[in-house]
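Subject: A structure for you to explore

Hi,

Here is the structure I promised to pass on to you. Please open it alongside this email, and then read on for what turned up in it.

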Amino acid sequence: MTTSLAPRFLAVQQQIAEAARVAGRDPAGIRLLAVSKTQEPVQINALHALGQVAFGENYIQEALVKQPNCSPTIEWHCIGPVQSNKSRLVAEHFAWCQSLHSLKLARRLAEQRPSHLPPLHCCIQLHIGDEANKSGVSPAEALALAEAVVTLPSLCLRGVMCIPPVSDSVPEQRRYFAEAKAVYQQLQHRFEGIDTLSMGMSADLAAAIAEGSTMVRVGTALFGPRAKR
Ligand SMILES: *Cc1c(COP(=O)(O)O)cnc(C)c1O
């Protein structure tokens, strides 16, 4: 299983570089987050050994089971929904929370972040498109939430994350990503240290990079198709 990782990793890096070239951007301005949901520690460690540092997990419980068997130098990002009763686990076991969606959650994370750890890096999850089942705050609400988050000392606001509706149409993908970028730019204008526009997955990373993504979250293209849960 791990033998196909190196060529896939290289192919994804080349895809990012090519999308950056087309967009006239420096590929160094685009981070790769390896989305490792459903992947076993052996796969995660193998990709880490190839040089991948940041890994994203959607399911907190699943991540906690795997983390003790993964390299301690991995940077863990929580990219899935966080219910209030799970906030402590995120505060204690992740470097980043990209799915910040409420002031209540922000306050809990800030309070629960252990003092021996650096601040928890956060992205506000934006609700883009009108799919009913996706969480996140509207672009209009994002600024108010950001105002509150930046006052919490154990959180470090880095930007926004979005998961727009799936679309085969590149112009439509780009429209969604442009909405997220507009919010990102507003935050950049208003606050220090805003450097993360987390958008783009295996199927739409080129469109996301064309619209300014600084972090693409890639699972399938790195690890292959996921087994059904
Ligand atoms: C699963 C997932 C990804 C990666 O999706 P792929 O299509 O496998 O690249 C990215 N972001 C989030 C929030 C996800 O849940």
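**Around the ligand**

The ligand is surrounded by Val35, Lys37, Asn58, Ile79, Ile163, Met201, Ser202, Arg217, Val218, Gly219, Thr220 and Arg226. Please keep in mind as you look at them that this is a predicted model. Sorted by character, this shell has 5 nonpolar, 4 polar and 3 charged residues.

Which side chains bring a polar atom to an oxygen atom of the ligand? Serine 202 is one of them, with a polar side-chain atom 2.5 Å from a ligand oxygen. Threonine 220 also has a polar side-chain atom 2.5 Å from an oxygen of the ligand. For arginine 226, the distance from a polar side-chain atom to a ligand oxygen is 2.8 Å. The protein buries 90% of the 390 Å² that the ligand exposes when taken alone.

**The chain as a whole**

Zooming out, you can trace 9 helices and 8 strands in the protein chain. Its radius of gyration is 17 Å, close to the 17 Å that the globule rule gives for 229 residues, so the chain is as compact as a globular protein of that length. Along the principal axes, the C-alpha atoms fill a box of roughly 45 × 40 × 30 Å.

How much of the chain is buried? Of the 229 residues, 49% count as buried. The accessible surface of the chain comes to about 10,800 Å², and carbon and sulfur atoms account for 55% of that. There is also something to see in how the chain folds back on itself: among contacts between residues at least 6 apart in sequence, 57% join residues at least 24 apart.

**One residue to look at: histidine 77**

If you would like a single residue to practise on, try histidine 77, which lies in strand β3, residues 75–78. Is histidine 77 buried or exposed? Its relative accessible area is 0%, and a residue counts as buried under 20%, so histidine 77 is buried.

What is histidine 77 in contact with, leaving aside its neighbours within four places in sequence? The list is Arg31, Leu33, Ala54, Phe55, Gly56, Glu57, Phe94, Trp96, Gln98 and Met215. With glutamine 98, there is a polar contact of 3.0 Å between the two side chains. Valine 22 makes a useful second landmark: it sits 55 residues from histidine 77 along the chain, and the C-alpha atoms of the two are separated by 28 Å.

Enjoy exploring!

Best wishes

Definitions and conventions. Residues are numbered from 1 along each chain as its sequence is written. This is a predicted model: local features need pLDDT of at least 70, side-chain atom pairs count only at pLDDT 80 or more; totals for chains, interfaces and linings use all residues. Side-chain values use heavy atoms; hydrogens and water are left out. A residue is near a molecule or strand if one of its heavy atoms lies within 4 Å of it. A polar contact is a pair of N or O atoms within 3.5 Å; within protein, one must be able to donate a hydrogen and the other to accept it, and residues adjacent in sequence count only if both atoms are side-chain atoms. Accessible areas come from the Shrake-Rupley method with a 1.4 Å probe; for residues, only the protein chains shown count as cover. Ala, Val, Leu, Ile, Met, Phe, Trp, Tyr, Cys and Pro count as nonpolar, Asp, Glu, Lys and Arg as charged, and the others, Gly among them, as polar. Helices (H or I, at least four residues) and strands (E, at least two) are DSSP runs, numbered from the N terminus. The radius of gyration is taken over C-alpha atoms; the globule rule is 2.2 Å times the number of residues to the power 0.38. Buried means under 20% relative accessible area, exposed over 50%, partly exposed in between (1.4 Å probe, protein chains only). Contact means heavy atoms within 4.5 Å.
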